[in-house]
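Please open the structure in your viewer and keep the selection panel at hand, since each stop on this tour begins with something to select.

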Amino acid sequence: MSKILILAEANGAALAAGTAKAVCCGQGLDDAVIHVAVLAPTETVGSLAAAAARLAGVAQVVTITHAEFGAPRAVVFAPALAALVRAGAYSHVLGSSSTI
C-alpha cells in the first residue's frame with residue numbers, strides 16, 4: 001500500500017488546479033491511499049478543505065491553521081509538513097510543480 005500525502009496549493013480561498021493534478025498522479029501509485037494536507041489561515045481553511053475533500057480519490061483531508069500560511073513560504077510550511085509526514089507515516093509526499 002502507498003500512503004500518500006499531498007500538499008494542497010491555494011490561490012487565496014480557492015484550491016489551485018495543481019492539487020487535483022497531484023491527486024491524479026498519486027492515484028497512479030500501487031494501492032494508493034491519498035490524504036491531502038491543507039495548510040491555511042483560519043479564514044480560508046474550511047473552504048479549501050471542503051474543495052480538497054471533493055476531489056476524486058481523496059480518502060482524508062488534514063488541516064493545520066496558522067496566520068502565516070496565507071503567504072506560502074517553505075520556511076513556514078516545512079516544519080508543519082514534516083510533522084504531518086512523521087505522524088502519518090506516509091510513504092510518499094507530493095505537491096504541484098508550483099507549490100511553494
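## A salt bridge to begin with

Select Arg73, which is partly exposed because its relative accessible area is 39%. In this predicted model, the side chain of Arg73 meets that of Glu68 in a salt bridge, with 2.9 Å from N to O. Glu68, for its part, counts as partly exposed at 39% relative accessibility. The structure holds one salt bridge, and you now have it on screen.

## Aromatic rings

Next, select Phe69 and Phe77, both of which are buried. The general way to describe such a pair is by the distance of the ring centres and the angle of the planes. The count of aromatic pairs comes to one. Here the ring centres of Phe69 and Phe77 are 5.2 Å apart and the planes stand at 75°, so the pair is edge-to-face; the cut-off behind that label is an angle over 60 degrees.

Then move to Tyr90 and add Lys3 to the selection: Lys3 lies over the face of the Tyr90 ring, at 5.1 Å from the ring centre.

## Strand β4 and its partners

Now select residues 32-40, which form strand β4, a mostly covered strand in which seven of the nine residues are buried. Which strands run beside β4 in the parallel sense? One is β1 (residues 2-7), which is parallel to β4 and joined to it by six bridges, and in this pairing Leu5 stands opposite His35. Another is β5 (residues 58-65), paired with β4 in the parallel sense over seven bridges, where Leu39 of β4 stands opposite Ile64. To follow the connection, trace the chain from β4 through helix α2 (residues 42-53) to β5, a β-α-β crossover that is right-handed. While the strands are displayed, it may help to recall that in a regular strand the side chains alternate between the two faces of the sheet.

## Ser2 and its surroundings

Select Ser2, whose place is in strand β1. Is Ser2 buried or exposed? At 9% relative accessibility, Ser2 counts as buried, because the cut-off for that term is under 20%. If neighbours within four places in sequence are left aside, the contacts of Ser2 are Leu29, Asp30, Asp31, Ala32, Val33, Ser91 and His92.

## Two positive phi angles

From that list of contacts, which includes Asp31, take Asp31 as the next selection. Asp31 is found in the loop between α1 (17-27) and β4, and its phi is near 45°, a positive value in a residue other than glycine. Asp31 is exposed, with a relative accessible area of 59%.

Go on to Ala89, in the loop between α3 (74-88) and β6 (92-95). Ala89 likewise has a positive phi, of about 50°, although it is not a glycine, and with a relative accessible area of 60% Ala89 is exposed.

## Last stop: Gly12

Finally, select Gly12, which lies in the loop between β2 (10-11) and β3 (14-15) and counts as exposed at 54% relative accessibility. Which residues is Gly12 in contact with, leaving aside its neighbours within four places in sequence? They are Thr44 and Leu48. A distance label between the C-alpha atoms of Gly12 and Leu48 should show a separation of 9.2 Å, for two residues that are 36 residues apart along the chain.

Notes. Residues are numbered from 1 along each chain as its sequence is written. This is a predicted model: local features need pLDDT of at least 70, side-chain atom pairs count only at pLDDT 80 or more; totals for chains, interfaces and linings use all residues. Side-chain values use heavy atoms; hydrogens and water are left out. Buried means under 20% relative accessible area, exposed over 50%, partly exposed in between (1.4 Å probe, protein chains only). Helices (H or I, at least four residues) and strands (E, at least two) are DSSP runs, numbered from the N terminus. Two strands pair if DSSP finds at least two bridges between them. A crossover is right-handed if, with the strands pointing away from the viewer, the path from the first strand over the helix to the second runs clockwise. Rings of Phe, Tyr and Trp (its six-membered ring) pair if their centres lie within 6.5 Å; planes under 30 degrees apart count as stacked, over 60 as edge-to-face and the rest as tilted. A charge sits over a ring if NZ of Lys or CZ of Arg is within 6 Å of the ring centre and within 35 degrees of the ring normal. Contact means heavy atoms within 4.5 Å. A salt bridge is a side-chain nitrogen of Lys or Arg within 4 Å of a carboxyl oxygen of Asp or Glu.
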